[in-house]
Amino acid sequence: MALGEFYDALETRSADEREAALAQALPRQVAHARAHTTHYARALAGIDPAAVVSRAALTALPVTRKSALIGRQAEDPPFGGVVATAFAQLARVFISPGPIAEPEAATADYWRYARALHATGLRTGELLHNCFAYHFTPAGSMLEGGARALGCPVFPAGTGNTEMQARAAAQLRPRCYSGTPDFLKTILEKGDELGLDLSSLRLGHVTGGAYLPSLRGWYADRGLTVLQSYGTADLGLIAYESEAREGLILDEGVVVEIVRPGTGDPVPDGEVGEVVVTTLNPHHPLIRFATGDLSAILPGVSPCGRTNRRIKGWMGRADQAAKVRGMFVRPEQVAEVLRAVPGVGRARLVVSLDGDRDVMTLRAEAPAADEALTEKLGLALQSATKLRGLVELVPPGTLPNDGKVIDDTRPVPA
């Protein structure tokens with residue numbers, strides 16, 4: 001493939017080139033975060049930044065959980081001590097559900113979405129019809145920044161107003177839509193109903209919702225290329241789809257790990273776990289930021305020629321918790337059990353009802369039935385959760401590869 005088909009040369013680097021660049025970037029970012037943010041000054045106090053020269057070294061650093069950032073921001077407003085740029089030098093400040101405050105610095109393509117839009121097919125001079133919100137959350141700004149970096153004008157359509165959206169598209173003749181996966185279909189159907197010519201729309205870049213196979217097929221039947229990405233309001237772009245449509249390719253501005261939920265421990269490629277991201281953004285230098293989302297690394301590289309690693313996409317939420325007999329049980333506690341008792345593989349805590357009584361059963365993969373191992377696991381479970389539970393050993397490979405650590409099977413109250 002010709003280089004012109006890629007956004008830049010970073011996308012086609014060899015694995016050795018990418019790791020060599022990472023060995024230079026990681027120590028700088030760790031040192032920068034520790035020197036310029038109060039949170040990482042504390043969290044990384046005992047860390048030698050010069051030693052963090054690889055993905056393996058990165059795994060030794062502590063995880064910062066998105067779920068904990070809400071409390072930190074309440075204690076240390078507005079950002080919880082994770083932003084390295086002075087407040088007065090920021091371009092925008094957003095509030096996303098949580099609430100969590102996010103900064104946007106005054107730099108071109110701050111959220112790095114040009115790469116994803118380029119992979120979708122958007123090119124210089126083509127109009128982007130941007131149907132993401134422009135208030136409170138940064139979604140609208142994310143896609144607009146990417147389009148502007150490509151030299152594309154943007155129609156800031158925002159959300160809702162379906163008939164007005166269709167009429168505006170008929171008048172302005174945009175090449176590409178950006179928004180949630182289903183809203184483009186709604187606009188096109190409204191255009192059909194009104195007899196409008198929306199044939200200029202040939203591309204779509206979607207995120208922020210489930211992109212179901214049936215919807216993908218509907219767009220394909222109309223001759224549209226509609227690809228998706230995965231990003232967050234804290235980190236910007238994390239991964240994006242290419243024309244190969246085989247998983248999501250990791251962005252060049254982040255380092256992504258998949259870890260066992262409730263821990264910082266990486267899982268093998270292919271196993272579902274929590275997405276943990278380190279960003280190379282100097283303004284918002286998040287180090288090992290646990291998103292609470294589930295995904296898995298796909299083996300190999302994309303047939304499109306981009307060489308970075310791929311993930312399967314968003315596969316659910318990792319921040320599972322269940323209230324059992326009046327006490328919360330969390331994935332971190334299950335991880336504590338496994339650390340205390342080596343010799344087991346995957347484990348899942350199943351919460352069920354026996355009559356009106358909550359029952360916990362730890363199902364753990366082990367090579368063979370072992371009474372001593374069962375007893376040790378039961379004691380470790382009680383120590384970690386302060387609750388008694390049952391233990392069931394199952395053969396390796398028995399538990400589903402879905403990242404679920406706590407499975408609450410109790411019926412939802414009506």
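Leaving aside its neighbours within four places in sequence, with which residues is Arg112 in contact? In the predicted model examined here, the residues concerned are Leu235, Gly236, Leu237, Asp251, Gly253, Val254 and Thr279. Arg112 itself is placed in the loop that lies between strand S3 (100–105) and helix H5 (114–120). Its relative accessibility is 15%, and because burial is assigned under 20%, Arg112 counts as buried. Two of the residues in the contact list also take part in polar interactions with the arginine side chain. The side chain of Arg112 comes to 2.5 Å from the backbone oxygen of Leu237, and a polar contact of 2.6 Å links the side chain of Arg112 to that of Asp251.

The overall architecture provides the setting for this site. The chain contains 11 helices and 21 strands. Its radius of gyration is 23 Å, close to the 22 Å given by the globule rule for 414 residues, so the chain is as compact as a globular protein of that length. The C-alpha trace spans about 70 × 50 × 45 Å along its principal axes. Half of the chain is covered, in that 50% of the 414 residues count as buried. The accessible surface amounts to about 18,200 Å², and carbon and sulfur atoms contribute 55% of that area. Among the contacts between residues at least 6 apart in sequence, 64% join residues at least 24 apart.

A second buried charged residue, Glu252, was examined in the same way. Glu252 is located in the loop between strand S10 (248–250) and strand S11 (254–259). With a relative accessibility of 11%, Glu252 counts as buried. Its side chain makes polar contacts with the side chains of two arginines, at 2.6 Å for Arg13 and at 3.1 Å for Arg18. When neighbours within four places in sequence are left aside, the contacts of Glu252 comprise Leu10, Glu11, Arg13, Arg18, Arg115, Leu280 and Asn308.

Strand S11, which follows the loop of Glu252, belongs to an open sheet of 4 strands with the order S1-S13-S12-S11 and mixed pairing. Strands S1 and S11 form the edges of this sheet, and each of them pairs on one side only. Within the sheet, strand S1 (residues 64–65) runs parallel to S13 and is joined to it by 2 bridges; in one pairing, Thr64 has Phe289 of S13 as its bridge partner. Strand S12 (residues 273–279) runs antiparallel to S13, with 4 bridges between the two. Val276 is the bridge partner of Ala290 in S13, and Glu274 stands opposite Leu294 of that strand.

The side chains of a regular strand alternate between the two faces of the sheet. In S13 both faces are covered, with Phe289, Thr291, Asp293 and Ser295 buried on one side and Ala290, Gly292 and Leu294 buried on the other. Accordingly, 7 of the 7 residues of strand S13 (residues 289–295) are buried.

Another open sheet is also built from 4 strands, in the order S20-S19-S18-S21, and its pairing is mixed. Strand S20 (390–394) and S21 stand at its edges with a single partner strand each, so one side of each is left without a neighbour in the sheet. From one strand to the next, the twist averages 25°. S19 and S20 pair in the parallel sense over 5 bridges, and Glu365 has Val394 in S20 as its bridge partner.

Two helices are associated with this sheet. Helix H11 lies across S18, S19 and S20 and runs at about 135° to S20. Helix H10 (residues 331–340) contributes the buried residues Pro331, Gln333, Val334, Ala335, Val337 and Leu338. These buried residues of H10 pack against strand S17 (327–329), strand S18 (347–354), strand S19 (357–365), helix H11 (371–385) and strand S21 (406–408). The packing partners of H10 thus include strands S18, S19 and S21, which take part in the sheet, together with helix H11.

Notes
Residues numbered from 1 in each chain as written. Predicted model: local features only at pLDDT ≥ 70, side-chain atom pairs only at ≥ 80, totals over all residues. Heavy atoms only, no water. Buried < 20%, exposed > 50% of the residue type's maximum accessible area, 1.4 Å probe, protein only. Polar contact = N/O pair within 3.5 Å; in protein donor to acceptor, adjacent residues only side chain to side chain. Contact = heavy atoms within 4.5 Å. Pairing = 2+ DSSP bridges. Rg over C-alpha atoms; globule rule 2.2 N^0.38 Å. Areas by Shrake-Rupley, 256 points an atom, 1.4 Å probe, with all protein chains shown as cover. Axes fitted to C-alpha atoms, helices over the stretch in contact; angles between N-to-C directions.
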